[in-house]
Amino acid sequence: MEKRAALILTGGGARAAYQVGVLKAIAELLPRNSHCPFPIICGTSSGALNAATLAVNAGNFRKGVQYLTSTWKNFHANQIYRTDVIGVFNNSMLWLAGVVLNMIGINKLTRVSLLDNSPLIELLEEMLPCEKIQDSIDAGNLHALSITASGYGSEQSVTFYQGVKQLVPWRRKGRVGIPMPIDNRHLLASSALPFIFPATLINREYFGDGSMRQIAPISPALHLGATRVLIIGVSMNGYHQQSDRADIGEYPSLASIAGHTLNSIFLDSMEVDLERLKKINDLVAMMPEEVRERAEIRHVDALIILPSQPVDKIAERYVTELPWTIRLLLRLIGARQQSGGTLVSYLLSEKKYCRALIDLGYQDALKRRDEIIDFLELKPRQEAEMPE
């Protein structure tokens, strides 16, 4: 079987800036004009935006990463969602009214969310020519791109993928893989944080953030032919600050509940899937080769890179960078209270915060340099190239 490395970019709103730092460090290990070292790219939530950008620029990995770096380093929240007074509070009031009407059995307000992400629609149309994804595939620089979203009607995790003709759709309990040309609708759907951004209609169903109900986030890469996977997460695994437990009896604010929910969506399923992969690898190691071939299972190497510092604590340092309208809205739902920084960390699409995350990702990747080199099977000549 041909060896193929897959890049898995998970979600998390503005936290996806961390992935760009890691990718920047990886790009510096490669020759300047080399194609993407990951023939399979899988994106979920805001990681889908990074994944699609790399797929469009699969012929020149460093160029794609430089484009991502420039974009994230200069982000403002108003490029992702409306921050003007009318845009913020009109949408928020409609959202609250919709909740009340639904509680009493009246569903008159549809397609309403806490924030209006129409600026993101305009940004994607400007920065991502998705028609070039097929060009990357035809040129042999990309085996497959997948974008995962969650169907609100079917309650399934749906992976839309675009790749070589040999790929076969799949269907498992609660998750399916569907071949389809990727466009901005898939990126909007996959990155639609629940309650915060509106669902997106694709064909006959509305879809939301791909991390919801994604019980096997590594699975799409394996279905697409990956033999090893590099996962860039956006949450620090197992982080618990003891001082945060001093007032644990205090009733949680709406922001605290929202932040806790988002953390659960974006982290827990990956931990479980990695444990499952390790057990399968252990089982494969005990099997004779002929048994492995008959069962069509194989060992899959996995390397995961996660933030070495708690991202929500970094976000707390930059919360004042948000427009005053968003700060007021977050204050109204308790985001400045204990644990409110978690929710802020997903919405803080401002350049100082994004630059801090890019730098953290870059430094974390440099510390894992030897592991990355081994994973990518780089030659000594490539290792020696000096960064820009």
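This passage goes through the internal cavities, one open pocket and the salt bridges of a predicted model.

Since the model is predicted, local features need pLDDT of at least 70 and side-chain atom pairs count only at pLDDT 80 or more, while totals for chains, interfaces and linings use all residues. Residues are numbered from 1 along each chain as its sequence is written, and side-chain values use heavy atoms, with hydrogens and water left out.

Rolling a probe the size of a water molecule over the atoms shows where empty space is left. Here the search ran on a 1 Å grid over the protein atoms alone: a cavity is a set of points where a 1.4 Å probe fits but cannot get out, a pocket is an open set with protein on both sides within 12 Å along at least five of seven lines, and lining residues have an atom within 4 Å of a point. Grid points are joined across faces, edges and corners, and a volume is the space filled by probe spheres set on the points.

Six cavities of 30 Å³ or more turn up in the structure. The largest of them holds about 140 Å³. Its lining comprises 15 residues, with Gly13, Ala14, Ser46, Ile80 and Phe197 closest to the centre. By class, that lining splits into 10 nonpolar, five polar and no charged residues (nonpolar being Ala, Val, Leu, Ile, Met, Phe, Trp, Tyr, Cys and Pro; charged being Asp, Glu, Lys and Arg; polar being the others, Gly among them).

Next comes the second largest cavity, at about 90 Å³. Residues along its wall include Leu49, Asn50, Trp72, Phe75, Ile80 and Met127. Two or more lining residues come from each of α2 (47–56), α3 (61–73) and α5 (118–127), where helices (H or I, at least four residues) and strands (E, at least two) are DSSP runs numbered from the N terminus. Helix α5 contributes the most, with four residues. Charged residues are again missing from the wall, which has nine nonpolar and two polar ones.

As for open space, the second largest pocket takes up about 700 Å³. Of its 26 lining residues, Arg172, Ser219, Leu222, His223 and Arg298 sit nearest the centre. Strand β5 (170–172) and helices α8 (219–223) and α9 each supply at least two residues, and α9 has the largest share, with four. This pocket's lining does carry charge: eight charged residues accompany 13 nonpolar and five polar ones.

Salt bridges (a side-chain nitrogen of Lys or Arg within 4 Å of a carboxyl oxygen of Asp or Glu) come to 11 in total. Arg82, Asp84 and Asp116 are tied together in a network of them. Glutamate 28 pairs with lysine 24 at 3.6 Å, N to O. For accessibility, buried means under 20% relative accessible area, exposed over 50% and partly exposed in between, with a 1.4 Å probe and protein chains only. Glutamate 28 is buried at 11%, whereas lysine 24 is partly exposed at 28%.

Two further bridges each stay within one helix. In α9 (residues 254–286), lysine 278 and aspartate 282 are four residues apart, about one turn, and their closest N and O atoms are 3.3 Å apart. Lysine 278 is exposed at 54%, and aspartate 282 partly exposed at 39%. In α11 (residues 311–317), lysine 313 and glutamate 316 are three residues apart, also about one turn, and meet at 3.7 Å, N to O. Lysine 313 is partly exposed at 21%, as is glutamate 316 at 41%.
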